[in-house]
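Visitor: Please choose one part of this model and take me through it slowly, along with whatever lies around it.

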Amino acid sequence: MSSINRRGLMLGAAGLAAATAMRRPAYAQAPAGPHSLPPLPYAPNANERAIDAMTMEIHHARHHGAQVAGLNAALAGQDQLSAMALDELLMRLSQAPDNIRTALRNNGGGHANHSMFWEIMGGQGGEPTGELKAAIDRDLGGMDKFRTDFNAGGMRVFGSGWVFVTVTPAGGLAITTKPGQDTPLMDGQRVLMGNDVWEHAYYLRYQNRRADYLAAWWNVLNWERIAARYEAARNGTLRI
């Protein structure tokens with residue numbers, strides 16, 4: 001092979017590598033601190049029936065990663081707050097200094113919400129069984145009504161926010177919504193599950209069709225993990 005052809009192949013390979021690197025989402029470089037970005041518990045393409053792999057990668061690495069970075073930056077020099085578990089920090093936001101409270105609210109809430117969000121997906125959808133199904137039947141009117149009411153709650157969120165199911169220590173369930181990255185933890189409640197209705201969660205595939213995204217999301221829920229969260233809530237061990 002001539003030197004010119006070899007040089008052309010090398011340049012082509014370098015260009016391909018550079019293009020691939022440009023497409024690969026980069027993790028936010030979080031300042032040293034008490035919080036870290038949890039890895040996805042499955043491959044980015046595991047939720048393709050509802051969410052494409054590129055959206056999963058960008059959402060996890062860039063959006064959630066930036067929130068962890070922002071949270072650690074806000075906690076710099078705050079030894080007492082840094083020592084708190086994330087749920088405790090969010091439940092005690094009123095004790096935080098005024099100048100960092102908004103950063104803690106937005107980034108800490110986003111960190112808690114997204115950590116929960118990744119955990120409950122990666123499944124095959126369907127329906128829960130056992131005590132969780134009984135609780136849904138009792139408190140939310142059964143699965144069909146639950147899906148309808150949950151999706152309607154997600155549609156009512158104006159702009160960016162979340163739709164959640166909260167769970168009490170006695171196992172009681174309720175649907176609620178929050179704006180931005182607020183979480184029921186800020187009200188002293190525990191979160192069983194929730195869906196992110198910020199546009200960054202679905203825009204690449206669905207554009208402005210939030211209803212289609214909400215409907216498809218049920219196909220990738222992992223009810224075993226959600227049932228484990230339900231049991232943890234009843235045992236007093238559910239955190240975020």
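Guide: With pleasure, and the vocabulary comes first: two strands pair if DSSP finds at least two bridges between them, while helices (H or I, at least four residues) and strands (E, at least two) are DSSP runs, numbered from the N terminus. This is a predicted model, in which local features need pLDDT of at least 70 and side-chain atom pairs count only at pLDDT 80 or more, whereas totals for chains, interfaces and linings use all residues. Residues are numbered from 1 along each chain as its sequence is written, and side-chain values use heavy atoms, with hydrogens and water left out.

Let me choose the sheet, starting with its setting. The protein chain has ten helices and three strands, and along the sequence these follow the pattern α-α-α-α-α-α-α-β-β-β-α-α-α. Of the 240 residues, 45% are buried (buried means under 20% relative accessible area, exposed over 50%, partly exposed in between, with a 1.4 Å probe and protein chains only). Among contacts (heavy atoms within 4.5 Å) with a separation of 6 or more, 72% join residues 24 or more positions apart.

The three strands make an open sheet in the order 2-1-3, with antiparallel pairing. The edges are strand 2 (173-179) and strand 3 (190-196), each of which pairs on one side only. From one strand to the next, the twist averages 25°. As background, strands of a sheet pair through backbone hydrogen bonds, in either a parallel or an antiparallel sense.

Strand 1 is a good place to linger. What makes it largely enclosed by the rest of the structure? Seven of the seven residues of strand 1 are buried, so the strand is largely enclosed. Both of its faces share in this: Gly 161, Val 163, Val 165 and Val 167 point one way, Trp 162, Phe 164 and Thr 166 point the other way, and all of them are buried.

Now look to either side of strand 1. With strand 2, it pairs in the antiparallel sense over seven bridges, and Gly 161 stands opposite Pro 179 of strand 2. These two strands form a hairpin with five residues between them, and in the turn Gly 171 has a positive phi of about 95°.

On the other side, strand 1 (residues 161-167) pairs with strand 3, again antiparallel, over six bridges. You can follow the register residue by residue: Val 163 faces Asn 195 of strand 3, Phe 164 stands opposite Gly 194, and Val 165 stands opposite Met 193. Although strand 3 is an edge strand, six of its seven residues are buried, which leaves it mostly covered.

What lies across this pair of strands? Helix 5 (residues 98-119) lies across strand 1 and strand 3, and runs at about 80° to strand 3. For that angle, axes are lines fitted to C-alpha atoms, for helices over the stretch in contact, and angles run from 0 to 180 degrees between N-to-C directions.

Strand 3 also has helix 9 (residues 210-217) as a neighbour. In helix 9, the buried residues are Arg 210, Tyr 213, Leu 214, Ala 216 and Trp 217, and they pack against helix 5, helix 7 (143-156), strand 3 and helix 8 (203-206). Helix 5 therefore appears twice in this tour, lying across strands 1 and 3 and packing with the buried residues of helix 9.

Helix 7 deserves a closer look as well. Helix 7 and helix 9 pack at an angle of about 145°, and their axes are 10 Å apart. Helix 7 brings Phe 150, Asn 151, Gly 154 and Met 155 to the contact, while helix 9 brings Arg 210, Ala 211, Leu 214, Ala 215 and Trp 217. Arg 210, Leu 214 and Trp 217 are also among the buried residues of helix 9.

Just ahead of helix 9 there is a backbone detail worth checking on your screen. Gln 207 sits in the loop between helix 8 and helix 9, and has a positive phi of about 50° although it is not a glycine. Gln 207 is partly exposed, with a relative accessible area of 30%.

For contrast with the sheet, glance at Ala 32, in the loop between helix 1 (3-23) and helix 2 (53-75). Ala 32 is exposed, with a relative accessible area of 80%. Its C-alpha lies 8.1 Å from that of Ala 73, although the two are 41 residues apart in sequence.
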